[in-house]
2 protein chains.
Amino acid sequence: MTEPTRPMRRQDIRRENEKAILLAAEKVFAEAGFGGATMQLIADLAGLPKANLHYYFATKEELYRSVVQNIFEIWLQAANCFDAARGPVDGISAYIDAKMEISRRHPDGSKVWASEVMHGAPVLQDYMESTLREWTDGRVEIIRRWIEEGKMDPVDPRHLLYMLWATTQHYADFGHQIETLNGGKSLSDRQWREAKENIKRVILTGIGAQPA
Amino acid sequence: MTEPTRPMRRQDIRRENEKAILLAAEKVFAEAGFGGATMQLIADLAGLPKANLHYYFATKEELYRSVVQNIFEIWLQAANCFDAARGPVDGISAYIDAKMEISRRHPDGSKVWASEVMHGAPVLQDYMESTLREWTDGRVEIIRRWIEEGKMDPVDPRHLLYMLWATTQHYADFGHQIETLNGGKSLSDRQWREAKENIKRVILTGIGAQPA
DNA sequence: TTGCATCCTGACCGTATGGTCAGCTTTCAG
DNA sequence: CTGAAAGCTGACCATACGGTCAGGATGCAA
């Protein structure tokens, strides 16, 4: 019995319900897109009556915004790997690992994020123009320094970042395609490890940063 | 006056209207997703009354299916580059060029395709299990042969393909993000060329196929 | 225990959307 | 020239969806 007794404190109720709604919403938005998602479906998945959703989130847009913001946080968090590193091998390896872990553990989030961007970022445009831009500029600077210090070949930092994003997120966003091509089965632990290793090897070798 | 005289032949009318509808649909589906797209919007963009859409395409699903199939054709066509090539440098270079050209000229199509796959390929599942699988297996075999012949390092062919798809399609699917990070301007000719060169260089070097 | 704020929800509403259809116009084969 | 087939469309319909609300249930501070 993991189910605790009924009486919950107010705080807990709020927290748990919001969490359940956000989780359900993430999944439904990922599977159906914003337009295809319905509050009823999200409510059912969260195990709550629809009207209760509107108690916590006034509108569909507000709920969506919360979901997308959550994802953006996670996305940015993976960034820290970069800063701690002393060179491209450490930094990029760690970043690839982190992003692949997100693709594996948070595929729905990744899809919602992809969808949001594909549709022109109607909700997150301001974040992209501020936070994301700053983050990117910072990393570009780091990569530039690595190049100057001769730690890697002179590759355009921006295109390198795009490549890292694309390659890692692909395993979440196009997970269904990958599964289909994998005989309908999701990737095993081993296959995920191989994926990571392949990406790291090709990119690190490709930018001339591999020690060997 | 490029506008020809009114009287059109039946055949032309049909062809032109279908083309206009398909084009409008591709754009609207790309911008709003299947659920968010409305027949009215597509009709307006195509310059036709809504009822006329239903004359050519019975349902929204049927229209969507046509759009997605069109895209899939283009997607597969880029494949030919692979077969003609005698080695990874030629083959992969040409494939990257072709796919980048698609990303640039057909971003809406790419987005619809991405959306379709992200949502679990409800319409194209059968194609993925037949045509796409066969195509992929064929290319995997080619890459394997290149490896055996010592023309490139032993990289997992599947993960290499995913990397090619991801990297090239990213420029269409996440074009809005890239534009935003590019100061709100779309990439110039020069930037597209640099993108291609960067990708080719990193990947070809990464798999040990660069002549130099 | 009491009073109040928070939490919950079935029933309801207005609107937007996919789809239909009767009847019109236009093309064209014979 | 004529009739039938193809093309076209305004008006209409049923439904599904986002959102509202009145009023009941519940936790909790005092």
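A polar contact here is a pair of N or O atoms within 3.5 Å. With that in hand, here's a quick look at a predicted model in which 22 residues surround DNA strand C. Chains A and B are also related to each other by a turn of 180°.

**Polar contacts with the DNA backbone**
- Met39(B) uses a backbone N or O atom, which sits 2.9 Å from a phosphate oxygen of DNA strand C.
- Over on chain A, the side chain of Tyr56(A) puts an N or O atom 2.5 Å from a phosphate oxygen of the strand.
- Asn52(A) joins in with a polar side-chain atom 3.2 Å from a phosphate oxygen of DNA strand C.

**The surface near strand C**
- Chain A gives two or more residues from each of helix H1 (10-36) and helix H3 (50-56), while chain B does so from helix H3 (50-56) and helix H4 (60-77).
- Sorted by type, the residues of this surface come out as 10 nonpolar, five polar and seven charged.
- The closest residues are Arg14(A), Tyr55(A) and Tyr56(A) from chain A, plus Arg10(B) and Lys60(B) from chain B.
- On the DNA side, sugar and phosphate make up 59% of the strand C atoms that come within 4 Å of the protein.

**How the two chains relate**
- Chain B lands on chain A with an RMSD of 0.1 Å after a turn of 180° and a shift of 0.0 Å along the axis.
- That's the relation of a two-fold axis.
- Both copies use the same surface, as 100% of the contact residues of chain B recur in chain A.
- Within chain B, Gly206(B) comes closest to the rotation axis, with its C-alpha at 1.8 Å.

How values were computed: Residues are numbered from 1 along each chain as its sequence is written. Chains are lettered from A and ligands numbered from 1 in the order in which they are written. This is a predicted model: local features need pLDDT of at least 70, side-chain atom pairs count only at pLDDT 80 or more; totals for chains, interfaces and linings use all residues. Side-chain values use heavy atoms; hydrogens and water are left out. A residue is near a molecule or strand if one of its heavy atoms lies within 4 Å of it. A polar contact is a pair of N or O atoms within 3.5 Å; within protein, one must be able to donate a hydrogen and the other to accept it, and residues adjacent in sequence count only if both atoms are side-chain atoms. Helices (H or I, at least four residues) and strands (E, at least two) are DSSP runs, numbered from the N terminus. Ala, Val, Leu, Ile, Met, Phe, Trp, Tyr, Cys and Pro count as nonpolar, Asp, Glu, Lys and Arg as charged, and the others, Gly among them, as polar. Copies are superposed by least squares on the C-alpha atoms of residues with pLDDT of at least 70 in both. Contact means heavy atoms within 4.5 Å.
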